[in-house]
Amino acid sequence: MSVVKADWQEGFLAGDTRALARAISAAENEPEVVHSFLQEHSGRLGRAHVVGITGPPGAGKSTLTGQLAVTLVARGYSVGLLLVDPSSPFTGGAILGDRLRLPDLAQGSSSQIYVRSLSSRGSMGGLSRATADAIKLLDAFGKDIIIVETVGTGQSETDIISVADSVVVLAVPGLGDDIQAMKAGILEIADLFVVNKADRDGADKTERELLSMLKLQASSSGWTIPVIKTVAIRNEGIADLADQLLAHYEFLQTSGLLLEVRTARVKSELNELLQLRLTQEFQKVVGAARYEEYTQQIVSGNISPYEAVNQLWQEFVSEIKRSASS
Ligand SMILES: Nc1nc2c(ncn2[C@@H]2O[C@H](COP(=O)(O)OP(=O)(O)OP(=O)(O)O)[C@@H](O)[C@H]2O)c(=O)[nH]1
Ligand SMILES: [Mg+2]
């Protein structure tokens with residue numbers, strides 16, 4: 001199947017940021033066009049360092065991300081920022097507050113930083129398919145470092161590990177018992193910890209708590225997870241964070257872990273795509289009506305979901321066989 005070339009493609013390859021913006025919109029609206037483009041230019045993929053930044057709402061993620069981006073650009077890197085907004089449970093729309101807080105960044109710094117807000121709408125977990133595609137587009141565009149901010153309130157915080165090479169988890173002073181309450185999941189995904197708002201009381205305590213918690217957790221990879229104190233609004237500690245992030249990437253490369261992680265990522269992406277395809281084929285072959293019938297049967301307690309799957313599968317297989325032999 002050939003897809004008509006979208007008119008952003010030439011500009012994209014020539015490094016035009018407006019074309020990049022249109023490509024990311026395409027990832028949201030017509031993913032198949034983007035997929036075939038990425039397939040054609042797969043040689044441009046896999047060069048960027050993807051960084052995930054997560055933490056509780058209001059922890060200063062966007063402020064920190066903006067400062068970090070400016071710091072990295074000053075060191076000669078080109079940077080892409082993706083801000084994944086939590087979907088409002090009421091409207092399905094996205095909270096685009098970040099757009100309001102980032103203009104200084106967008107105007108003040110060089111064209112080396114590309115910023116984009118994305119909705120997590122339409123995803124199974126917290127990160128949409130479009131986010132994964134936008135990361136690939138930024139990578140193919142030639143961004144050296146791609147930073148993805150996700151709010152740490154749901155699934156997205158653990159999903160970030162499926163796209164990011166380095167995960168930064170933000171904490172803020174005064175969380176108190178919340179450090180204990182921070183789900184084990186979020187602690188396990190951290191490659192670096194940041195205690196932001198270190199201008200507030202309790203930053204040292206939070207740092208100590210994190211450090212003692214990390215001591216309990218044996219590091220099998222050989223990477224020592226650092227805890228970095230920052231005051232994002234005053235650009236304090238950001239250079240240290242940039243150093244540690246780059247060191248982590250260096251570690252991933254020299255230890256061979258990067259290859260391992262990316263292989264695992266490809267595997268899960270393959271699985272996801274295959275599941276999607278299977279579900280689509282299944283619905284096509286078996287038909288929506290049968291699906292509905294089985295659903296009703298399960299609801300009324302006539303059969304179990306397991307039995308329904310067995311029967312649906314039988315129908316699917318025999319239908320496939322029939323069409324293959326005719
Ligand atoms: N005192 C202090 N305030 C900060 C610091 N960093 C950020 N803030 C403030 O904290 C508030 C939230 O900052 P954001 O950067 O929007 O936080 P966020 O984590 O991106 O927020 P969401 O994306 O809405 O979850 C803003 O008013 C910032 O000015 C800091 O280091 N110290
Ligand atoms: Mg934010």
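**Exercise 1. Take Trp-8 in this predicted model and find which residues it touches, leaving out those up to four places away in sequence.**

Solution. Start at the Trp-8 side chain and skip its sequence neighbours up to four places away. What remains is Ala-19, Arg-22, Ala-23 and Ala-26, plus Val-33, Val-34 and Phe-37.

**Exercise 2. Work out which residues of the largest nonpolar core touch the most other members, and which helix gives the most to this core.**

Solution. Step one: the core holds 45 residues, and those touching the most other members are Trp-8, Phe-12, Ile-24, Leu-137, Val-148 and Phe-193. Step two: helix α7, spanning residues 129–141, is the top contributor, with seven residues. Step three: check the domains. Domain 1 (1–44) and domain 2 (46–255) each supply at least three residues to this core. Last step: look for a separate core. There is another one, apart from the first, with 24 residues, including Ala-59, Ile-145, Leu-170 and Val-194.

**Exercise 3. Is Ala-140 buried or exposed, and what does it touch beyond four places in sequence?**

Solution. First place the residue: Ala-140 sits in helix α7. Its relative accessible area is 1%, and the cut-off for buried is under 20%, so Ala-140 is buried. Now list its contacts, again ignoring residues up to four places away: Phe-12, Leu-38, Arg-44, Leu-45 and Arg-47. Finally, try a C-alpha to C-alpha check against Ser-42: the two residues are 98 apart in sequence, yet 7.8 Å apart in space.

**Exercise 4. Describe how α14 and α15 pack.**

Solution. Grab the two helices, α14 at residues 288–299 and α15 at residues 305–325. Their axes lie 10 Å apart, at an angle of about 160°. Angles over 145 degrees count as roughly antiparallel, so that is the label for α14 against α15. For handedness, α14 passes α15 in a right-handed crossing. Then go to the contacts: from α14 come Arg-290, Tyr-294 and Ile-298, and they meet Pro-305, Ala-308, Gln-311, Leu-312 and Glu-315 of α15.

**Exercise 5. Look at phi of Lys-197 and of Asn-235, then place each residue and judge its exposure.**

Solution. Lys-197 has phi near 60°, a positive value in a residue that isn't glycine. You'll find Lys-197 in the loop between β6 (192–195) and α11 (203–216). Its relative accessibility is 21%, so Lys-197 counts as partly exposed.

On to Asn-235, a non-glycine residue whose phi is positive, near 60°. Asn-235 belongs to the loop between β7 (227–229) and α12 (238–255). With a relative accessible area of 39%, Asn-235 is partly exposed.

How values were computed
Residues are numbered from 1 along each chain as its sequence is written. Chains are lettered from A and ligands numbered from 1 in the order in which they are written. This is a predicted model: local features need pLDDT of at least 70, side-chain atom pairs count only at pLDDT 80 or more; totals for chains, interfaces and linings use all residues. Side-chain values use heavy atoms; hydrogens and water are left out. A nonpolar core is a set of buried Ala, Val, Leu, Ile, Met, Phe, Trp, Tyr and Cys residues joined through side-chain atoms within 4.5 Å. Buried means under 20% relative accessible area, exposed over 50%, partly exposed in between (1.4 Å probe, protein chains only). Helices (H or I, at least four residues) and strands (E, at least two) are DSSP runs, numbered from the N terminus. Domain bounds come from an automatic or database domain assignment. Contact means heavy atoms within 4.5 Å. Axes are lines fitted to C-alpha atoms, for helices over the stretch in contact, and angles run from 0 to 180 degrees between N-to-C directions. Angles under 35 degrees count as roughly parallel, over 145 as roughly antiparallel, 65 to 115 as roughly perpendicular and the rest as oblique. A crossing is left-handed if the near helix is turned anticlockwise from the far one by less than a right angle, and right-handed if clockwise.
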